[in-house]
Protein chains: 2
Amino acid sequence: MVDAHADSRTRILDAAEAIVQARGVPALTLESAARDAGISKGGLLYHYASKEALLAAMLGRLAEVMEADFAATLAAQPEGRGRAARALLASALKEPVAACVLQDRAAAVFLAAFHHDPALLDPVRAVFARMRAAIAADGLPPGVGQAIMCATDGLFMVHVFGLYTLTPAELADLRAALERLLETGR
Amino acid sequence: MVDAHADSRTRILDAAEAIVQARGVPALTLESAARDAGISKGGLLYHYASKEALLAAMLGRLAEVMEADFAATLAAQPEGRGRAARALLASALKEPVAACVLQDRAAAVFLAAFHHDPALLDPVRAVFARMRAAIAADGLPPGVGQAIMCATDGLFMVHVFGLYTLTPAELADLRAALERLLETGR
DNA sequence: GTTGAAAAACCGTCCGGACGGTATAGTTAC
DNA sequence: GTAACTATACCGTCCGGACGGTTTTTCAAC
């Protein structure tokens, strides 16, 4: 379930994420996280002194991963107008394999942290703020970048709550429509 | 807090929604809902035999309200191509007063139900399915309607989790960009 | 139009269980 | 000798739900 060779702290975080993904937020208890990480409850509390500390660490790691993913996707885009918006699209619509990995992790951590205390989301709020800044400085007509960001956020929410699923064809059409929007005003 | 003259069942549902909005999902207990509804815990359990039954009722009512709101907004749009998409936009971006009322209620019920059991969301999934069908039959180029729906869903999520807030000016730009998208291919 | 009984609406208390957190005594590896 | 644990026991709290009893409403029979 969790890589037994990773160091304890990462094993705990991995186990906690996996529990939320597999069995929902209520299933994440200190005991279950410790057990799945192959550690005792006391051992977990040695590393994370409270459940809140554990959740904060999960959030911190998620924020780092999101930031890194965005930066990497951004770097992979050709320079020029709309680069940040294109990065968002690429990140939200990348191929199925390992695509949803980040989304699923984000969903799990999101929900667990928000349930305990909405203020725990602050690190990811900071990431979103930086993304918004990048979008605003993207050289696109006003509103276009934000529209694309909202659309990718919407895809995320639809996925988190399982509201509906888009067929690959629908996804392709969606992508095409958003890319056309990206070209408006050129 | 809750209209004392409404009948007990609606008072209970109102109280439960208000609790989640004001103090979060964990604060919603049978006791707190009963107290705020001006009833005893036993009395609440007379109407809703379990917490799950209470949540299911909250979801059912939300689904009705969403359906009615969409139908009303749809009817208010001029006929013709893109009508459903325009209704979505109008509903998601209507004026501040009482605008977020539905969104806030939806957020509260959403989170509470999902936390207890994701399957409870089925009624609203059905509403989303009907919206998607309306969008698909809207006469717009492929992907455009779905893009607008995703954008409004994204606005909803951003609001639910308080990820960031758009200034009125940004909202206006966003609306303009999405309306321009609506006109593509005409 | 009174009565009387059933049905509906509701009260208040109790219990079993789970969870977060504490405490402690001991163990292993460096 | 110190960091990194294990194992276990325990505490206080809270929650969902069950239960038995009580008041209020309804409504038919007389």
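**View 1. Superposition of chain B on chain A in the predicted model.** Chain B is brought onto chain A by a rotation of 180 degrees with 0.0 Å of shift along its axis, at an RMSD of 0.1 Å, the superposition being a least-squares fit on the C-alpha atoms of residues with pLDDT of at least 70 in both copies. The two copies are thus related as by a two-fold rotation axis. This is a predicted model, in which local features need pLDDT of at least 70 and side-chain atom pairs count only at pLDDT 80 or more, whereas totals for chains, interfaces and linings use all residues. Side-chain values use heavy atoms, with hydrogens and water left out.

**View 2. The interface of chain B and chain A.** In chain B, 41 residues are in contact with 41 residues of chain A, where contact means heavy atoms within 4.5 Å. Because 100% of the interface residues of chain B are also interface residues in chain A, the copies meet through the same surface. About 3500 Å² is buried between the two chains, 72% of it from carbon and sulfur atoms; this buried area is the accessible area (1.4 Å probe) that two parts lose on being put together, summed over both.

**View 3. Salt bridges between chain B and chain A.** Two salt bridges are counted between chain B and chain A, each requiring a side-chain nitrogen of Lys or Arg within 4 Å of a carboxyl oxygen of Asp or Glu. The side chains of B:E170 and A:R132 form a salt bridge, with an N to O distance of 3.4 Å.

Methods: Residues numbered from 1 in each chain as written. Chains lettered and ligands numbered in written order.
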